[in-house]
Amino acid sequence: MFILSEIEDLVRVKPGDLWKPRAEAVTDVLHKKYANKVVHDLGLCIQVFDILSIGDAIIHACQDGSYQSKVLIDLKKVVFRVIVFRPFMDEIIIGSIATQSQEGIRVTIGFFSDILIPAHKMRPGTIFYPKESVWCWQIPNEGSDTTELFLDKGLDIQFRVKELKFADVGPMERDRQLRAAQGRSTEEELEVPLHIIFDVNEGRYF
């Protein structure tokens, strides 16, 4: 579910942070830029794990930043690693139901909620009740009777990873600000940079 990934980047430390040890100042900048952010084709960055090396400072007299370091330039600059959430294909994960619609069930695992179990990936016998906006698993009993298990919000569910979808989108906060300026609802669903598709056919409801 989690991997360590090595990333290169341009790090800029402002004069106000010069009092900090150099490694701490650089780490703080990287945390602000990467923590809880999706890197395209990589995954959701959780936090900076460590800094392997920091290159020599480049001073720009006309800028308010004290130095800039380019990671992995001729192997003398900053090299750092981040903890990344990137589920493996066919990995089994446990989460809880967040919302439901005819499209399927959206699941949260706490720190990540862009998880979709499509209707066609659910267990056989799972049907949707539009009036209640809830999915129900009809479990066959002996004879023709069935037991109904309603998949209520908050119910724990076990599922298998089937697909990771990355989208090249702009900054979502900027999109929300633009919608607000245009008088549109900021609660409208925006395209997310990482979407995970799951299958519950081989999983279970708790």
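The pLDDT is the predictor's confidence in each residue, on a scale from 0 to 100, and it is the natural starting point here, as the structure is a predicted model. Averaged over the chain the pLDDT is 76, and 73% of the residues reach a value of 70 or more. Over residues 65-76, by contrast, the pLDDT is below 50, although in the model this stretch has 55 contacts beyond near neighbours in sequence.

The chain comprises 206 residues, of which 37% count as buried, and its secondary structure consists of two helices and 14 strands. Among contacts with a separation of 6 or more, 66% are accounted for by residues that stand 24 or more positions apart. The area exposed by the chain is about 12000 Å², and 52% of this is supplied by carbon and sulfur atoms.

In soluble globular proteins, nonpolar side chains tend to be buried together. In this model the largest nonpolar core holds 21 residues, and the members that touch the most other members are Ile-105, Val-107, Ile-109, Phe-112, Ile-117, Phe-159 and Ile-196. At least two residues of this core are supplied by each of β7 (92-101), β8, β9 (115-118), β13 (156-166) and β14 (194-205), and the largest share, four residues, comes from β13. A second core, separate from this one, is made up of 14 residues, including Val-26, Cys-45, Val-48 and Phe-80.

Strand β8, which spans residues 104-108, contains Thr-108, and this threonine counts as buried because its relative accessibility is 17%, where the cut-off for a buried residue is under 20%. Leaving aside residues up to four places away in sequence, Thr-108 touches Gly-95, Ser-96, Ala-98 and Ser-113. With Ser-113 there is also a polar contact, made between the two side chains at 3.0 Å.

Strand β13 contains Arg-160, which has a relative accessible area of 17% and is therefore classed as buried. The side chain of Arg-160 reaches the backbone oxygen of Asp-90 at a distance of 2.9 Å.

Within the second core, Cys-45 can be described in further detail. Cys-45 is found in strand β4, which covers residues 43-53, and with a relative accessible area of 1% this cysteine is buried. Not counting residues up to four places away in sequence, Cys-45 touches Tyr-34, Ala-35, Asn-36, Lys-37 and Val-39, together with Val-82, Ile-83 and Val-84. Of these contacts, the one with Val-84 joins residues that are 39 positions apart in sequence, while the C-alpha atoms of Cys-45 and Val-84 are 4.4 Å apart in space.

Asn-36, one of the residues touched by Cys-45, is placed in the loop between α1 (22-34) and β3 (37-39). Asn-36 counts as exposed because its relative accessibility is 56%, which lies over the 50% that marks an exposed residue. The phi angle of Asn-36 is near 65°, a positive value in a residue other than glycine. A positive phi, near 65°, is also found in Asp-41, likewise a residue other than glycine. Asp-41 is located in the loop between β3 and β4, and at 52% relative accessibility this aspartate counts as exposed.

Arg-12 belongs to strand β2, which runs over residues 10-13, and with a relative accessible area of 37% this arginine is partly exposed. Arg-12 and Val-29 are separated by 17 residues in sequence, and their C-alpha atoms are 7.4 Å apart in space.

Aromatic rings were also examined, with pairs assigned where ring centres lie within 6.5 Å. By this rule the count comes to seven aromatic pairs. One of them is formed by Phe-128 and Trp-135, with 5.1 Å from centre to centre and 50° between the planes, and this pair is tilted. Both residues of the pair, Phe-128 and Trp-135, are buried. In addition, one aromatic cluster is formed by Phe-2, Phe-85, Phe-111 and Phe-112, and Phe-112 is also listed above among the members of the largest nonpolar core that touch the most other members.

Methods:
Residues are numbered from 1 along each chain as its sequence is written. This is a predicted model: local features need pLDDT of at least 70, side-chain atom pairs count only at pLDDT 80 or more; totals for chains, interfaces and linings use all residues. Side-chain values use heavy atoms; hydrogens and water are left out. Buried means under 20% relative accessible area, exposed over 50%, partly exposed in between (1.4 Å probe, protein chains only). Contact means heavy atoms within 4.5 Å. Accessible areas come from the Shrake-Rupley method with a 1.4 Å probe; for residues, only the protein chains shown count as cover. A polar contact is a pair of N or O atoms within 3.5 Å; within protein, one must be able to donate a hydrogen and the other to accept it, and residues adjacent in sequence count only if both atoms are side-chain atoms. A nonpolar core is a set of buried Ala, Val, Leu, Ile, Met, Phe, Trp, Tyr and Cys residues joined through side-chain atoms within 4.5 Å. Rings of Phe, Tyr and Trp (its six-membered ring) pair if their centres lie within 6.5 Å; planes under 30 degrees apart count as stacked, over 60 as edge-to-face and the rest as tilted.
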